[in-house]
Amino acid sequence: MYSSSKEKIKSEQLIDQYSRTISYLRLSITDRCNLRCLYCMPQRGADSSSLVKYADLLSYEELLRIVTIAVGMGMNKLRLTGGEPLVRNGIMDFIRSLAEVKGLEEIRLTTNGVLLHEKAAELYSAGIRNLNVSLDTMRPERFIKITGSDLFAQVWQGIQTACDLGFNVKLNVVAMKGINDDEFADFARLAAQRAVQVRFIEFMPIGNKESWDKTRFIAASELKEIIATLGTMDAGATSSGSRMEGPARVYRLTLPDGKTGRVGFISPISHHFCDKCNRLRLTSEGRLRACLLHDHETDLKTLLRQGGTDNDIQTAIQQTILAKPKGHTLQDDLAGSDQVNCHGQMSRIGG
Ligand code: SAM
Ligand code: SF4
């Protein structure tokens, strides 16, 4: 009796004013990255002014404290992202300490895959089972154009190693007209040939205004039409039995030769999933953000460093949840503007 009423109090703290339960925390553990994807980070040279100063990055101790408090409130799922999380020294010890947080049911990781071959086994033994790997092309020359580095083979090797070790791997492909639209079919076939789910993500106008070009945008509905020409798409046959898996609408694609795979579409712009959003993000300099596409943030770092108690931090988390906006207006903005909608850098906020 006592524990169930305690559970109720915990979960009530996580309900926002639109009745969504916020159970999922995403941490940008660094804004540093070993790639410069054209849609995400400024090209090399602009670095020093746009990166968060080292002293302003949250330490692992600070991150662990925030996670422990958030999990104590009832949050149960965590994603490590960035920037590139695998470039931060000490990440394995950090993951091992997260794995000891009671009540934290799942720790996931998003990576560009550059260091995956090297670190996959250690990630697995630290307790990670679910990896999202970003890959927008399977052509080495094009990989250089998109990311600024000749590292396709290394990333590919990392993906294979992760699959061999038994990770559940999802490939994230940002869909860009005139850049990788001739590879969508190849990616979908890959999902049917290997044990990976491929998820196409709509290009978003975030942070890096030099790279935003609305003529490159492709709506998920258009992407789906392209993939549907390859075979049959069944919405009901997903492993969860549901069409939505987090923000992704997932289908089972069956090719004419009988091979099947899972293909997802993430459409933050054309089809908001805001009414189901269960996320909070912690930026690399310790600012809690209730929505990727709204610039409002709560400064937890200053609270921590000025001696805030666990109770103060819990209150700040709860207030951020209560301030979570109902949704975003990116679709309207996209139609009318060439401007980026949200001004934080994606790598700082955590994609
Ligand atoms: N470095 C890691 C990686 O690339 O997977 C993690 C951080 S990255 C910011 C997380 C995700 O955000 C990646 O899948 C990336 O493709 C996506 N992303 C970054 N900028 C984007 C944009 N402007 N539109 C859509 N997706 C974007
Ligand atoms: Fe780095 Fe990921 Fe951004 Fe690419 S998308 S620049 S890999 S943080």
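Begin by selecting serine 19, which sits in the loop between helix 1 (2–12) and strand 1 (24–28) of this predicted model. Its phi is near 65°, a positive value in a residue other than glycine, and with a relative accessible area of 62% serine 19 is exposed.

Stay in that loop and move along to serine 23, which also lies between helix 1 and strand 1. Serine 23 has a relative accessible area of 16% and, because the cut-off for buried is under 20%, counts as buried. To display its surroundings, select Met75, Asn76, Lys77 and Asn278, which serine 23 touches when residues up to four places away in sequence are not counted.

Now show the whole chain, coloured by secondary structure, where the protein comes to 13 helices and 13 strands. Of its 351 residues, 54% are buried, and the accessible surface comes to about 15500 Å², with carbon and sulfur atoms holding 50% of that area. Among contacts with a separation of 6 or more, 73% are between residues 24 or more positions apart, a figure worth keeping in mind while following the next selections.

The interior comes next. In soluble globular proteins, nonpolar side chains tend to be buried together. Here the largest nonpolar core has 101 residues, and the members that touch the most others are Leu27, Leu80, Leu123, Leu171, Phe200 and Ile317. Centre the view on leucine 80 and leave aside its neighbours within four places in sequence: the residues in contact with leucine 80 are then Leu27, Ile29, Pro85, Phe94, Ile95, Leu98, Ile107, Arg108, Leu109 and Thr110. Leu27, itself one of the core members with the most partners, is thus also a contact of leucine 80.

From there, select ligand 1 and the 17 residues around it, of which Tyr39, Gly83, Thr111, Ser134 and Met204 come nearest. Strand 3 (106–111) and strand 5 (168–175) each supply at least two residues of this shell, and by class the shell divides into 6 nonpolar, 9 polar and 2 charged residues.

Which polar atoms of the protein lie by the nitrogen and oxygen atoms of ligand 1? Three pairs can be picked out one after another:

- A polar side-chain atom of glutamate 84 is 3.2 Å from a nitrogen atom of the ligand.
- Threonine 111 places a polar backbone atom 3.1 Å from an oxygen atom of the ligand.
- Methionine 204 has a backbone N or O atom 2.9 Å from a nitrogen atom of the ligand.

Switching to a surface view, the protein covers 95% of the 550 Å² of accessible area that ligand 1 has on its own.

Move on to ligand 2, around which the residues to select are Cys33, Leu35, Cys37, Tyr39, Cys40, Met41, Gly83 and Asn112. This shell has 6 nonpolar and 2 polar residues, with no charged ones. Tyr39 and Gly83 appear here and are also among the residues that come nearest to ligand 1, which makes them a convenient pair to keep displayed when going back and forth between the two ligands.

The last stop is isoleucine 226, in helix 9 (residues 220–228). Is isoleucine 226 buried, exposed or partly exposed? Its relative accessible area is 31%, so isoleucine 226 is partly exposed. Finally, draw a distance from its C-alpha to that of alanine 185: the two residues are 41 residues apart in sequence and 7.4 Å apart in space.

Terms used: Residues are numbered from 1 along each chain as its sequence is written. Chains are lettered from A and ligands numbered from 1 in the order in which they are written. This is a predicted model: local features need pLDDT of at least 70, side-chain atom pairs count only at pLDDT 80 or more; totals for chains, interfaces and linings use all residues. Side-chain values use heavy atoms; hydrogens and water are left out. A nonpolar core is a set of buried Ala, Val, Leu, Ile, Met, Phe, Trp, Tyr and Cys residues joined through side-chain atoms within 4.5 Å. Buried means under 20% relative accessible area, exposed over 50%, partly exposed in between (1.4 Å probe, protein chains only). Contact means heavy atoms within 4.5 Å. Helices (H or I, at least four residues) and strands (E, at least two) are DSSP runs, numbered from the N terminus. Accessible areas come from the Shrake-Rupley method with a 1.4 Å probe; for residues, only the protein chains shown count as cover. A residue is near a molecule or strand if one of its heavy atoms lies within 4 Å of it. A polar contact is a pair of N or O atoms within 3.5 Å; within protein, one must be able to donate a hydrogen and the other to accept it, and residues adjacent in sequence count only if both atoms are side-chain atoms. Ala, Val, Leu, Ile, Met, Phe, Trp, Tyr, Cys and Pro count as nonpolar, Asp, Glu, Lys and Arg as charged, and the others, Gly among them, as polar.
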